[in-house]
Every structure is written in structure tokens, then in C-alpha cells.
Amino acid sequence: MITVHHLEDSRSQRVLWLLEELELPYEVKHYKRDPKTMLAPAELKKIHPLGKSPLITDDERTVAETGLIIDYIVETHGNGALAPPRGSEQRMAYDYWLHYAEGSAMPPLLLHLVFDTVEKKAPFVIRPIAKAISANVKKQFIRPQLNLHMDYIEHALRQHTWFVGDTFSAADIMMSFPLEAACARMDLQPRCPNIAAFVKRIHERPAYQRALEAGGPYAYA
């Protein structure tokens, strides 16, 4: 039995979705964020020293990091589903998007969130200065990077329905969170209609809906 140590409003929602797509039995242990810091609670450190989610335990094995968790579940319990055969060209594309999601797509989105938080939570006296610095960093670095990546992803989805051709795979599950976050923070519909259509497609999947019921609150913005 796989146990998902699931933090509310977090990337571990993808793990629940994968398990629902594969129709695997699992247990969810829910964790709430600290209301002041919005970080994961200290009790997660009992599972893994970093105390971050997502985490799964599978019998005596603990697995951390979303990409590794996805890969582990697909390889260990997937029976060949949701991933192309190893050695194929499709597998190279699959592995690429699996790593790209967290390695390249997420950093500028995370920076955008950090600087939004700086603007909102800076002490009142220095808030105008904080906003000015934040606005300049967003203009000079963060937004150009976001536009670069969104245009790149838009082009990829213009060619195929899913990230690995026309067959849904776990790579699409990995790419869901950065694109959900991007759609929530950027007006992507006119600029990137294929990304917007992708997000709509994944939200309509029955397994995605079941995962939402299992996971609870999910605010990816």
C-alpha cells in the first residue's frame, strides 16, 4: 500500500492524480500548512529530513521529489502504463518533460510568487521601496523568463495534444502544476491558447476529479 503524505495546496496533488489514473490503491495522510509561514508543518520531518511534500512511503521505502515519485510509481506499479518504452524516441521526450517541469518551468513561477509575497508582506514603512524593487525584478528578469517558457511550451502543444505525442502520459501529470500556476498568474488565453486548452483537458479527466476529492484544498496560484 502506497501512503501519500499530502500537503494541502501543493504539488503533491499530482501524485494523487497519477495514482488515480493508474487505479492503484493508496492511503492519504493530510498535512496543513503553518498559517503564518505557509510552510509545511514540522511533523513532515519525521518522514524525511527536509520536511517537504510530496513524499510517499511504499512499505519501508520513502521516496521524495515529485519527478522521482512519479517515475518510481510508474516503473514499480504502472505495468507499462503512462510511459513509453525505454530506449524509444518517445521515452526521450517523456523523460525530458518529466525533468523540465521542476527544473526549468517552475523556478520563474516560484520567483514570481516570492516577489509577490515581498510586496504584500514588507513592513509598511519600506513597502513602497519593496514594491519598486519587486516590479523592476519582475520586468527585467522574471516576466521575460516566464514568456520565454510559455512560448516554448505553447509551441510544443501546438504540434500535439499531449507532451509526448497524442498519447496521455505521466509527463502530462508532471507538467500540470506549472501550467495551472501560470494560467492562474498570467493571462494566457490570448497568448497561449494551446496551454489553456491543455489545462482545460486535464481538469476534465475523471481521475483528476477523483484526485481533487481525495486531496482536498488545492490552490496552485
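In this predicted model, 38 residues line the largest pocket, and those nearest its centre are R11, R33, M38, L110 and L113. Two helices, α3 (89-121) and α5 (170-185), are the elements that contribute two or more residues to this lining. Of these, α3 provides the largest share, with ten residues. The volume of the largest pocket comes to about 1300 Å³. For readers thinking about the chemistry of the wall, the lining of the largest pocket comprises 20 nonpolar, seven polar and eleven charged residues.

Attention can now turn to how the helices pack. Two packed helices are described by the angle between their axes and the distance between the axes. Helix α1 (residues 13-22) and helix α8 (residues 206-215) form one such pair, with axes that come within 8 Å and cross at roughly 130 degrees. Angles of 65 to 115 degrees count as roughly perpendicular and those over 145 as roughly antiparallel, and α1 and α8 are therefore oblique to each other. The crossing of these two helices, α1 and α8, is right-handed. On the α1 side, the contact is built from Q13, L16, W17, E20 and E21, while α8 supplies A207, Y208, R210, A211, L212, A214 and G215. Sorted by class, the contact of α1 with α8 holds seven nonpolar, two polar and three charged residues.

A second pair is made by helix α4 (residues 127-159) and helix α7 (residues 193-203), whose axes come within 8 Å and cross at roughly 70 degrees. That angle makes α4 roughly perpendicular to α7. Here M150, I153, E154, L157 and R158 of α4 meet P193, N194, I195 and F198 of α7. The class breakdown for the contact of α4 with α7 is six nonpolar, one polar and two charged residues.

One residue, D71, rounds off the picture. Its place is in helix α2 (residues 66-77). Leaving aside residues up to four places away in sequence, D71 touches R86, R91 and L98. Along the chain, D71 and A171 are 100 residues apart, yet a separation of 9.5 Å is found between their C-alpha atoms.

Taken together, the results cover a pocket and two helix pairs. The pocket lining draws ten residues from α3, and its 38 residues include R11 and R33 among those nearest the centre. As for the helix pairs, α1 and α8 cross at roughly 130 degrees, whereas α4 and α7 cross at roughly 70 degrees.

Conventions
Residues are numbered from 1 along each chain as its sequence is written. This is a predicted model: local features need pLDDT of at least 70, side-chain atom pairs count only at pLDDT 80 or more; totals for chains, interfaces and linings use all residues. Side-chain values use heavy atoms; hydrogens and water are left out. On a 1 Å grid over the protein atoms alone, a cavity is a set of points where a 1.4 Å probe fits but cannot get out, and a pocket is an open set with protein on both sides within 12 Å along at least five of seven lines; lining residues have an atom within 4 Å of a point. Grid points are joined across faces, edges and corners, and a volume is the space filled by probe spheres set on the points. Helices (H or I, at least four residues) and strands (E, at least two) are DSSP runs, numbered from the N terminus. Ala, Val, Leu, Ile, Met, Phe, Trp, Tyr, Cys and Pro count as nonpolar, Asp, Glu, Lys and Arg as charged, and the others, Gly among them, as polar. Axes are lines fitted to C-alpha atoms, for helices over the stretch in contact, and angles run from 0 to 180 degrees between N-to-C directions. Angles under 35 degrees count as roughly parallel, over 145 as roughly antiparallel, 65 to 115 as roughly perpendicular and the rest as oblique. A crossing is left-handed if the near helix is turned anticlockwise from the far one by less than a right angle, and right-handed if clockwise. Contact means heavy atoms within 4.5 Å.
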